[in-house]
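Me: I would like to learn how to read the contacts of aromatic rings, and after that the pairing of strands. Could you take me through them step by step?

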Amino acid sequence: MISLGNDEITKYPFLAEAGQYLKDKGFTLEQFATDPDLQIIVDKAYERVECASWGKIFNSTPDGSKGGTSLPLEVFSFLLAIVLLKLTNANTLISRFSLAEARRAEKFLEKDLIGNLNETSEELAIKIFKDLFSVSIKKTGNYFVIPIPDYLRHAVNFHELEWRLINRHVEKGMVFLNSHETVRLIRKELDAYIKSRIRAVQTPSLSQGFEEKVNKLVEMAKKFTVITTISTEYPPCIKHAIQALNDGENLSHSGRFMLATFLLGRGQTVDDVAPLFKNAPDYNEKVTRYQLNQISGETGSNTKYSCPSCEKIKSNDLCFATPDCDYIINPLQFGKKRS
């Protein structure tokens, strides 16, 4: 169990102790739904979800500096945001919220990991890495060293060349990273952890005081939802990737690259493919189109990227092979007979 002080609860409200905070303070959901004096916290909870839905990080400075928010407002707004999300039951909003909160936590983890001003914060950050994500960290000068097995287990989520082990500084079985890279390494797992905590919460009864906020979030979720029909001609790995996006899940970089190269390789255009990613929690139309244009060869080096081989897809844990996949070595061959 990770022991937290008030500042730590504010920075990392998704940890176990934060959930007990509401009960310890003697508040009930009914009070938040009916007490006008508590409406500011409900409003802040809605703002927190709305902010995340548009790909922004909730702005707060829990260290008590000018412009910061009080501990009750900060923690209660997080807990009530989860209540609103559970009542809305929109996978897209839950995924966007968990990713935004993961990125918010990254900022604090990076600062705490450096630990120049607070040794206790540094110890907590290292403990979070170890207890939640099984990553052992040691500080060496201005760098952080991680055992190769720990690094590889998490770096598999990245498609960029810079994350390949051959491109890293390695000594005596340890990988050297700066503070930003160290925290970035566990973003996917941090996102998944927060999402799992949200999904584990039992859905409460809808109180009348929450109805307006819930209805607004339901309408908001519709703006981010694009249902894509999955062709029976698609291989199971592509069907699974499309379904993940339809469900608002945060498909990995490797999964997105696989899906984009497959669809573009099948003759679809960037205009055809781009809307498919709209359900992604971190969707940004400008960035999506830029990346698709790069992959298609329309911009950049004019090199058109090919769909990864089945072997590569297996190594990225994206393979969901069925008997229909027999004898193919690339998803683009699916449905074509091979001897």
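**Rings, charges and strands**

Reply: Let us begin with a charge and a ring: in this predicted model, the charged end of Arg168 sits over the ring of Trp163, 5.6 Å from the ring centre. Likewise, Lys213 lies over the face of Tyr46, at 6.0 Å from the centre of that ring.

Me: How many aromatic pairs are there, and what describes such a pair?

Reply: A pair of aromatic rings is described by how far apart the centres are and by the angle between the planes. The count here comes to 11 aromatic pairs. One of them joins Tyr12 and Phe14 edge-to-face, with 6.2 Å from centre to centre and 70° between the planes. Tyr12 is buried, at 1% relative accessible area, and Phe14 is also buried, at 5%. Together with Phe133 and Tyr193, Tyr12 and Phe14 form one aromatic cluster.

Me: Which parts does the pair of Phe27 and Phe76 tie together?

Reply: Phe27 and Phe76 are edge-to-face, at 5.3 Å centre to centre and 75° between the planes. Because Phe27 lies in the loop between α2 and α3 while Phe76 belongs to helix α5, the pair ties together parts that are 49 residues apart in sequence. Phe27 is partly exposed, with 27% relative accessible area, whereas Phe76 is buried, with 3%.

Me: In which sense do β1 and β2 pair?

Reply: Strand β1 (residues 138-140) and strand β2 (residues 143-147) pair in the antiparallel sense over three bridges, and Lys139 stands opposite Phe144 in β2. The two strands form a hairpin with two residues between them, where Gly141 in the turn has a positive phi of about 65°. Strand β2 also pairs with β4 (residues 174-177) in the antiparallel sense, over four bridges, with Ile146 opposite Val175 in β4.

Methods: Residues numbered from 1 in each chain as written. Predicted model: local features only at pLDDT ≥ 70, side-chain atom pairs only at ≥ 80, totals over all residues. Heavy atoms only, no water. Pairing = 2+ DSSP bridges. Phe/Tyr/Trp six-rings, centres within 6.5 Å; stacked < 30°, edge-to-face > 60°. Buried < 20%, exposed > 50% of the residue type's maximum accessible area, 1.4 Å probe, protein only. Lys NZ or Arg CZ within 6 Å of the ring centre and 35° of its normal.
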